[in-house]
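Morning, everyone. Please have the sequence and the model open in front of you. I'll go through a few places in turn.

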Amino acid sequence: MATKPIYLDHSATTPLDPKVLKAMQPYLTEVFGNPSSIHAFGQAARSAVDTVRKTVAEILECEANEIIFTSGGTESDNLALRGVMHNFKDGHLITTAVEHHAILYTAEALRKEGYEITILPVDEYGRVSVAQVEAAIKPNTKLISIMLANNEIGSLLPVREIGKMLEKKRERGEVTPLLHTDAVQGGGILNLDVGHLKVDLLSLSAHKFYGPKGVGILYVKNGVKLLPTQTGGGQEKGKRAGTENVAGIVGAAAALKLANSKREKEAARLTKLREELVNKILKEIPRSKLTGHATERLPGSASFIFYGVEGESILLRLDFEGIAASTGSACNSASLQPSHVLTAMQIPHEWKHGSLRLTLGRSTTSAQIQRVVKVLKKIVSDLRAISSVK
Ligand code: PLP
C-alpha cells in the first residue's frame with residue numbers, strides 16, 4: 001500500500017478548514033446579494049460582512065472600522081506602503097532586506113516614483129535590531145515596514161520592540177513615522193493584538209491560517225491617512241474599491257477565529273514537533289545547518305541548508321516520495337535564483353543553494369517527522385555522492 005502523502009509546506013498555504021467551508025457556503029449560494037444593494041438580498045450580505053469585521057477586530061483588539069478586507073497579503077502590503085507614502089510628494093520609507101517581495105518590490109516601485117528607501121541589512125538570523133531601525137530614522141521618514149515573522153527562515157523580528165521605541169519618542173514629544181508589519185506568516189499562530197504590537201498597520205492573508213485563498217486583511221489605525229490604490233466604487237469606506245468577496249471575507253474571519261481559539265495550544269504542539277525535526281536532522285545529516293534563529297522563530301517553521309547540494313533536487317526527490325516541502329518562499333521555488341533572504345544573511349555560496357524549508361501544521365505528526373528525516377537523510381547522501389562540490 002502506498003504511504004500517505006506528507007504536507008510540510010504550510011508557510012506556502014494551508015488547506016481550507018471544513019468548518020470554515022461550512023461557514024462560507026451560504027454566501028456562495030443563497031446569500032448572494034451585493035452588499036452595496038439596498039434590497040434585502042444585498043442587506044443580508046452587508047450584515048454578514050459587518051458582523052465578521054467585528055470578529056476580526058476582536059482578535060486584533062481594534063475597532064471594526066479599522067479593518068479593511070483585500071484580495072490577499074500582497075494587496076494588503078501594497079495598500080499599506082503606497083497608501084501611506086502617496087500622502088506625501090516625497091518622503092522616506094524604511095524596510096528590511098528579508099521582506100516578502102510584496103514589500104520589497106513595492107518599495108522599489110516607490111523608489112522609482114522618487115521616494116527615498118532604506119533597506120536595512122540583517123544579522124545571521126535574518127533579523128534587524130531596534131537600534132538599527134532607530135538609527136535609520138530621518139526627519140522625513142514617513143513609514144517603517146518590518147515583517148513579524150520571515151516566511152523563508154521563520155525568524156521573528158522585533159516589531160513590538162520597534163513599536164516601543166517609537167512610543168518612547170512620542171512621549172518625548174517627537175513626531176514619529178508610522179509602523180506597518182507584514183504579519184502574514186503570523187496569522188492564527190502569533191499574538192496579533194495591535195495594541196500589544198504597537199503597530200499602525202498590519203497585513204494578513206487568510207490562506208495562511210486555514211482560510212480561503214485570495215482574501216486579505218489590512219488593519220489601519222484610526223487617524224492614519226490611507227490613500228486608495230485602486231479607483232472604483234466606494235467600498236471599504238473608500239479605501240479599497242471593488243465588490244466585497246463576501247464568502248471569502250466570512251471564511252477569513254471564521255478561520256482566524258478558529259485558529260485563535262486554539263492558538264497557544266497549537267503553537268506549543270508545533271514547537272515541540274519542530275524541535276524534534278530540527279534536532280533529528282542536525283544530528284543525523286552531516287553538514288546540515290538550521291537557518292534563522294534557533295528559538296525566536298515561528299512555532300511550525302524549520303529551515304535548513306545542506307552543504308554542496310541543490311535544494312531543488314532535494315525537493316523533487318522528496319516529492320517523488322510523497323513529501324511536499326519548499327526551498328523557501330513559494331514564489332522563489334519556480335526560479336533557481338538563490339533566495340534574497342539567505343543572500344542578505346550572507347550564507348556562503350556552497351551552502352546557499354542547498355536550502356530546504358519544512359513548515360508544519362495541523363496535520364503534522366511525530367510519525368511523519370520520523371519518516372521525513374529517514375527519507376531526507378538518504379536523499380542528501382545520494383545527492384552528495386553525485387555532487388561536484390565536495
Ligand atoms: N507576505 C508574506 C510574509 C508572505 O509569506 C506572503 C505569502 O507567501 C505574502 C506576503 C503574500 O500573501 P498572498 O499570497 O496572500 O498574496
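Let's start with a ring. F41 is partly exposed, at 48% relative accessibility. One thing to keep in mind: this is a predicted model.

What does F41 form with F32? A search of the whole structure finds three aromatic pairs, and F32 with F41 is an aromatic pair of the tilted kind. Their centres are 5.5 Å apart, and there are 45° between the planes. Why tilted? Because planes under 30 degrees apart count as stacked and those over 60 as edge-to-face, and the rest are tilted. The partner, F32, is exposed, with a relative accessible area of 56%. The cut-off for exposed is over 50%, so F32 at 56% passes it. F41 at 48% does not, so partly exposed is the right label there.

Now another pair, F304 and F306. Here the ring centres are 6.1 Å apart. The planes are at 25°, so this pair is stacked. Are these residues buried or exposed? F304 is buried, and F306 is buried too.

Rings can also have a charge over them. Look at W351. The charged end of K289 sits over its ring, 4.3 Å from the centre. Then find Y210. R362 lies over the face of Y210, at 3.7 Å from the ring centre.

Stay with Y210 for a moment. Where is it? Y210 is in the loop between β7 and β8, and β8 covers residues 216-220. Y210 is buried, with a relative accessible area of 11%. The limit for buried is under 20%, so 11% qualifies. Now the backbone. Most residues other than glycine have a negative phi. Y210 is not a glycine, yet its phi is positive, about 70°.

K198 belongs in this part of the talk. Its phi is near 60°, a positive value in a residue other than glycine. You'll find K198 in the loop between α7, residues 194-197, and β7, residues 201-205. Buried or partly exposed? K198 counts as partly exposed, at 23% relative accessibility.

Next, a glycine. G292 is in the loop between β9, residues 288-290, and β10, residues 301-306. G292 is buried, with a relative accessible area of 7%. Now pick out G154. How far apart are G292 and G154 in sequence, and how far in space? In sequence, they are 138 residues apart. In space, C-alpha to C-alpha, they are 6.3 Å apart.

Last stop, the ligand. There are 13 residues around it, and G73, T74, D182, S205 and K208 come nearest. Let's take some contacts one by one. A polar backbone atom of G73 is 2.8 Å from an oxygen atom of the ligand. For T74, the side chain provides the contact: one of its N or O atoms is 2.6 Å from a ligand oxygen. With D182, a polar side-chain atom lies 2.6 Å from a nitrogen atom of the ligand. How much of the ligand does the protein bury? Taken alone, the ligand exposes 400 Å², and the protein buries 87% of that.

What kinds of residue make up the shell? Two are nonpolar, eight are polar and three are charged. And which element gives the largest share? Helix α3, residues 73-85, with three residues.

That's my tour. Over to you.

Terms used
Residues are numbered from 1 along each chain as its sequence is written. This is a predicted model: local features need pLDDT of at least 70, side-chain atom pairs count only at pLDDT 80 or more; totals for chains, interfaces and linings use all residues. Side-chain values use heavy atoms; hydrogens and water are left out. A residue is near a molecule or strand if one of its heavy atoms lies within 4 Å of it. A polar contact is a pair of N or O atoms within 3.5 Å; within protein, one must be able to donate a hydrogen and the other to accept it, and residues adjacent in sequence count only if both atoms are side-chain atoms. Accessible areas come from the Shrake-Rupley method with a 1.4 Å probe; for residues, only the protein chains shown count as cover. Helices (H or I, at least four residues) and strands (E, at least two) are DSSP runs, numbered from the N terminus. Ala, Val, Leu, Ile, Met, Phe, Trp, Tyr, Cys and Pro count as nonpolar, Asp, Glu, Lys and Arg as charged, and the others, Gly among them, as polar. Rings of Phe, Tyr and Trp (its six-membered ring) pair if their centres lie within 6.5 Å; planes under 30 degrees apart count as stacked, over 60 as edge-to-face and the rest as tilted. Buried means under 20% relative accessible area, exposed over 50%, partly exposed in between (1.4 Å probe, protein chains only). A charge sits over a ring if NZ of Lys or CZ of Arg is within 6 Å of the ring centre and within 35 degrees of the ring normal.
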